[in-house]
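Colleague: I am new to this structure, and I would like a close look at one part of it. Please say along the way how far the model can be trusted and what surrounds the part you choose.

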Number of protein chains: 2
Amino acid sequence: MAVAAPAKAAHALAAAAAGMVLLWCVHFRGGLALSSPTNKGLIFNVHPVLMLIGFIILGSEAIMGYKIWPWGHDTNKMVHLLLHAIALLLGSVGIYAAFKFHNESGIANLYSLHSWVGLGTICLYGVQWIFGFVTFFFPGASPSLRRAALPWHVRSGLLVYILALLAAELGFLEKLTFLEAGGLGRYSSEALLVNFTAVLVILLGSAVVMYVTSPMHNEHSHGYSAVRKP
Amino acid sequence: MAVAAPAKAAHALAAAAAGMVLLWCVHFRGGLALSSPTNKGLIFNVHPVLMLIGFIILGSEAIMGYKIWPWGHDTNKMVHLLLHAIALLLGSVGIYAAFKFHNESGIANLYSLHSWVGLGTICLYGVQWIFGFVTFFFPGASPSLRRAALPWHVRSGLLVYILALLAAELGFLEKLTFLEAGGLGRYSSEALLVNFTAVLVILLGSAVVMYVTSPMHNEHSHGYSAVRKP
């Protein structure tokens, strides 16, 4: 199957962003651990890695997949559903890591815009998943209701995806501001790495939204407008 | 003319956000001034007020206006063009205020994600305005080219608008993080005011995008799909 240019760009941007967030957390920040008696920063490091690779990048693939995968409608839907479920699960573990880091370091929870937008987004993501599951998979709504619900499913899915990107950008800025307040140079290689990763994530999100909202020749067989006939 | 619910919601959210950013900068932060020998914070305060009220809210009205204004296609286009020009101008003065504050306070420029996204966005906004002006106003492209360019004008306009919202959110978070590092309480009334203003701006942007992307019964006479016949 032919994959359109914005989808290819999205895959390349996702791979680059994943590599950069790992470089940041492993090389500059000392690695990842869900439990650490002495270096609580290692617990925090789980958060950006899981939110970017687990939540945003898997979510991006799940969103674009409908237009890319060649397996036919039912299989595509199953993989779409499954990838979003894994994204939600990994995102939840990533949020757990942030709370665990705060609690073990005596830092307040849920005071910042990043935390508000992030927690609100993952809740909306879960609601969106449940509605999608019930309407399009099990027990499944009537064909006419599915047809009416699909454009809303797509638009609200894209809205939640954009909110997830916003939460990620706020997270990059917040963490880097804390590090800079603690002495990290504002033009240091670590600061530039974090900012360029954030820029790549904006480009990734733009490529995904452009790809999904553009019409394609196989739209009616595999695309978002395809509703399974009973 | 009947104005749809999302547009009414956007107007109400814009009015509330404008009031709240003024309350923040005047009541909590001491007011606005483009020049101040002793209190450089007053110069900074011009920045959020002009970026939110001048750039984002005027931009929102310019974007929604095409679907709301009753004046016919040519007048609507003129007001659309003019409002975006004023938004660009006020946004530029707002950015000037941020640089002036930095320079007079000995703070580095252009190191943060907020500054990168913000400056990139206003440049793209200017490019988008010039392309719109040349294609749809003066000298104006051929009708077939206009028809082909219009969906791209609308989609790239919405993309730039979403980037402007992202820059605003990053700005709220950045300034509040600095204030909190300087001693402001994380759950103080000022911190809650800033965070709630940022949440309102997200809701405003969502209402604008939902309104503009939904089809309307008068779409063909005043809407974005209307291209002036020669």
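**From the uncertain stretches to the paired helices**

Modeller: Over residues 225-230 of chain A the pLDDT (the predictor's confidence in each residue, from 0 to 100) stays under 50, and for this stretch the model has 17 contacts beyond four places in sequence, a contact being heavy atoms within 4.5 Å. This is a predicted model, in which local features need pLDDT of at least 70 and side-chain atom pairs count only at pLDDT 80 or more, while totals for chains, interfaces and linings use all residues. Residues are numbered from 1 along each chain as its sequence is written, chains are lettered from A and ligands numbered from 1 in the order in which they are written, and side-chain values use heavy atoms, with hydrogens and water left out.

Chain A as a whole has a mean pLDDT of 93, with 93% of its residues at 70 or more. Among its elements (DSSP runs numbered from the N terminus, helices being H or I of at least four residues and strands E of at least two), the lowest mean, 46, belongs to helix 7 (residues 219-222) of chain A, and the highest, 98, to helix 4 (residues 113-136) of chain A. The pLDDT is also below 50 over residues 217-223 of chain A, a stretch with 15 contacts beyond near neighbours in sequence. Where pLDDT is low, the predicted coordinates should not be read in detail.

The part I would look at closely is the meeting of helix 5 (residues 143-181) of chain A with helix 5 (residues 143-181) of chain B, whose axes come within 10 Å and cross at roughly 30°; axes here are lines fitted to C-alpha atoms, for helices over the stretch in contact, and angles run from 0 to 180 degrees between N-to-C directions. The crossing is right-handed, that is, the near helix is turned clockwise from the far one by less than a right angle. Among the residues that meet are Leu166(A), Leu170(A) and Phe178(A) on one side and Leu166(B), Leu170(B) and Phe178(B) on the other. By class, this contact has 10 nonpolar, two polar and four charged residues, where Ala, Val, Leu, Ile, Met, Phe, Trp, Tyr, Cys and Pro count as nonpolar, Asp, Glu, Lys and Arg as charged, and the others, Gly among them, as polar.

Chain A superposes on chain B by a rotation of 180° with 0.0 Å of shift along its axis, at an RMSD of 0.0 Å, using least squares on the C-alpha atoms of residues with pLDDT of at least 70 in both. The two copies are thus related as by a two-fold rotation axis, and 100% of the contact residues of chain A recur in chain B.

Pro139(A) lies in the loop between helix 4 and helix 5 of chain A, and the peptide bond leading to Pro139(A) from Phe138(A) is cis, with omega near 0°. In chain B, the bond from Phe138(B) to Pro139(B) is likewise cis.
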